[in-house]
Amino acid sequence: MFDSLEPTAQPIVSPLLRTALLACEQALQPEFQVVEFGAACQKLGSLLQGMGRFEEATLWHTHALASQPDFAKIYAGVGQVHLLQQQWQAAEKAYRKALQHNRNCAEAYWKLGAIALQQEQRPQALQFWYHALALEPQKATVDGHIRLGHAFYKLKQIDHALACYRRAIRLKPNNPDAYRALATVFTDEGRQDDAIATYQQAIEAVDNPGWAFYQWGVLLRQNHHIDDALTVFIEATQRDPDFPWTHHDAIELLLSQERWQDAITLCNQAIAIQSFPWAYSQMGRALGAVGKRDEAIACHQTASDLRGWHACKQRNYQFTQDWFTHNIPIWLPLLQEWINIPNIHALEIGSFQGMSACWLLDTVLTHPTACLTSIDPGVQPEFTINLAKTGADHKVTQHVGNSHVVLPKLSPETYTFIYIDGCHLASHVKQDGFLAWPLLKPGGLLIFDDYLWSDPHYPGQDPKQGIDEFLDTIHHHIQIVHHGYQVIARKTAPTPC
């Protein structure tokens with residue numbers, strides 16, 4: 001990682017070199033005479049010089065002239081000559097001898113690490129390099145310290161990992177990667193105060209600190225310090241206005257607090273940076289809330305167009321809310337195999353204004369024999385209007401009613417993919433999963449929305465709880481193909497529920 005073994009591809013094989021080295025090693029015994037040792041060093045140096053190994057030769061000539069030999073350096077030199085001959089065990093023994101004489105011999109640690117790596121003993125190599133860098137931190141780049149820290153963290157050696165990241169920061173205090181790595185370990189280990197302190201340190205040290213503000217705000221938000229998180233996000237939009245994700249999360253919190261005008265202001269700032277689809281979606285939500293329906297619809301059409309769904313604007317779909325288009329980059333690769341394929345049957349639970357239904361009809365269910373079944377307890381006026389604009393509303397079968405009543409009436413193993421976006425109470429979404437599962441064909445996809453959503457009005461009933469309980473029950477029969485705000489599972493085999 002930091003130091004490879006220097007010898008040439010072919011080891012130096014020289015009886016004279018071996019004889020001279022043996023003489024030096026014998027002269028190192030307690031009863032040695034300085035004159036005899038000096039002569040042995042001189043001879044070894046001359047041999048190395050004749051082989052073109054001038055650096056090693058100079059070292060041995062220097063030892064020959066020393067009145068008080070430095071045993072650590074001498075044994076390190078012995079180890080180096082053994083390395084030239086690829087005598088790994090002898091070299092290791094010599095370097096360990098060097099450490100017996102001087103525990104701070106960085107060269108010995110470096111070479112022992114290289115030897116351990118040569119012998120495929122990576123954990124031992126990492127330990128040796130760790131000690132070497134404690135003595136000579138400047139011998140590795142900042143990236144080298146960080147990579148060593150990553151290696152230790154992978155081995156669950158937390159203190160060593162933290163020390164490596166801190167060395168990287170000392171070497172280059174404005175390097176953002178070191179702060180990221182250090183804070184990530186703190187977060188993973190539950191040391192959130194230390195993580196926040198690291199982000200605060202980074203904010204003062206690095207250029208463009210928006211990412212540090214963002215991660216700090218995320219930690220606060222996860223711990224339900226919503227007002228503090230919003231303060232951090234908003235400060236970030238001022239300190240590093242070109243970092244977009246602090247705008248994103250600040251707007252989300254403003255929307256949750258129904259601070260519509262503040263949200264619109266930040267949306268405009270984000271759009272000025274770049275035409276982010278999410279900024280238009282958020283803007284549409286805020287505009288709709290203040291009664292600007294047509295402007296909200298236009299924003300959602302723009303967001304959809306930016307995400308590649310051009311038909312939304314072309315056909316003038318009337319969506320006043322957008323809870324769907326952010327899923328398009330995830331769905332499109334997964335549903336690609338069924339685009340314009342005959343007899344693809346899809347099922348969605350929860351349709352609202354028909355945004356997901358229209359996208360499916362425009363993008364995936366394009367074959368004349370493909371069709372969609374929709375279940376919703378109530379039909380929004382926009383649902384019928386938008387479906388008509390697709391020109392494919394004849395492909396849609398609507399069921400108005402509770403999913404728990406409708407699902408048992410549908411035919412088993414009929415649907416290629418099923419989208420569950422109905423009632424979000426844990427108990428309800430769990431039951432949706434169990435009732436939908438027999439309807440899904442083997443190889444088909446089951447898509448759960450809002451996996452990470454939480455409703456403070458219903459504590460203990462988060463969708464995640466119900467989805468996890470369902471997936472745990474059938475885990476032998478599924479393959480998770482996406483796990484994020486949505487969870488998408490492929491049915492690998494039929495199973496009774």
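Thr416 counts as buried in this predicted model, at 6% relative accessibility. The residue belongs to strand S4, which covers residues 415-420. Beyond its neighbours within four places in sequence, Thr416 is in contact with Trp338, Ile344 and His345, and also with Leu440, Lys441, Gly444 and Leu445.

Ahead of strand S4 comes the loop that starts after helix H22 (403-406), and Glu413 is found in that loop. Glu413 has a phi near 45 degrees, a positive value in a residue other than glycine. With 39% relative accessibility, Glu413 is partly exposed, because buried is reserved for values under 20% and exposed for values over 50%.

A positive phi also occurs at Asp450, where the angle is near 55 degrees. Asp450 sits in the loop between strand S5 (440-448) and helix H24 (463-473). Its relative accessibility is 12%, so Asp450 counts as buried.

The relative accessibilities given for individual residues are listed below.

| Residue | Relative accessible area | Class |
|---|---|---|
| Thr416 | 6% | buried |
| Asp450 | 12% | buried |
| Tyr485 | 34% | partly exposed |
| Glu413 | 39% | partly exposed |

Tyr485 lies in the loop that links strand S6 (478-483) to strand S7 (487-491). Together with Leu452 and Trp453, Tyr485 forms a nonpolar patch on the surface, and the accessible area of the three is about 290 Å². Membership in such a patch requires over 30% relative accessible area, and Tyr485 has 34% and is therefore above that cut-off.

Another acidic residue, Asp322, is placed in the loop between helix H18 (311-314) and helix H19 (328-335). What is the nearest side chain of opposite charge to Asp322? That side chain is Arg307, 4.1 Å away; Asp322 is buried and has no salt bridge. The distance does not qualify because a salt bridge needs the side-chain nitrogen within 4 Å of the carboxyl oxygen.

The side chain of Asp322 does have polar partners. One polar contact, of 2.8 Å, is with the side chain of Ser281, and another, of 2.5 Å, is with the side chain of Thr325. Apart from neighbours within four places in sequence, the residues in contact with Asp322 are Ser281, His300, Ala303, Arg307 and Met355.

For the protein as a whole, the model contains 24 helices and 7 strands. Of its 497 residues, 51% are buried. Among contacts with a separation of 6 or more, 61% are between residues 24 or more positions apart. The exposed area is about 23,400 Å², and carbon and sulfur atoms supply 51% of that area.

Note on methods. Residues are numbered from 1 along each chain as its sequence is written. This is a predicted model: local features need pLDDT of at least 70, side-chain atom pairs count only at pLDDT 80 or more; totals for chains, interfaces and linings use all residues. Side-chain values use heavy atoms; hydrogens and water are left out. Helices (H or I, at least four residues) and strands (E, at least two) are DSSP runs, numbered from the N terminus. Buried means under 20% relative accessible area, exposed over 50%, partly exposed in between (1.4 Å probe, protein chains only). Contact means heavy atoms within 4.5 Å. Accessible areas come from the Shrake-Rupley method with a 1.4 Å probe; for residues, only the protein chains shown count as cover. Lys and Arg count as positive and Asp and Glu as negative; His and the chain ends are not counted. A polar contact is a pair of N or O atoms within 3.5 Å; within protein, one must be able to donate a hydrogen and the other to accept it, and residues adjacent in sequence count only if both atoms are side-chain atoms. Patches are made of residues with over 30% relative accessible area and no salt bridge: like charges are joined within 9 Å, nonpolar side chains (Val, Leu, Ile, Met, Phe, Trp, Tyr) within 5 Å.
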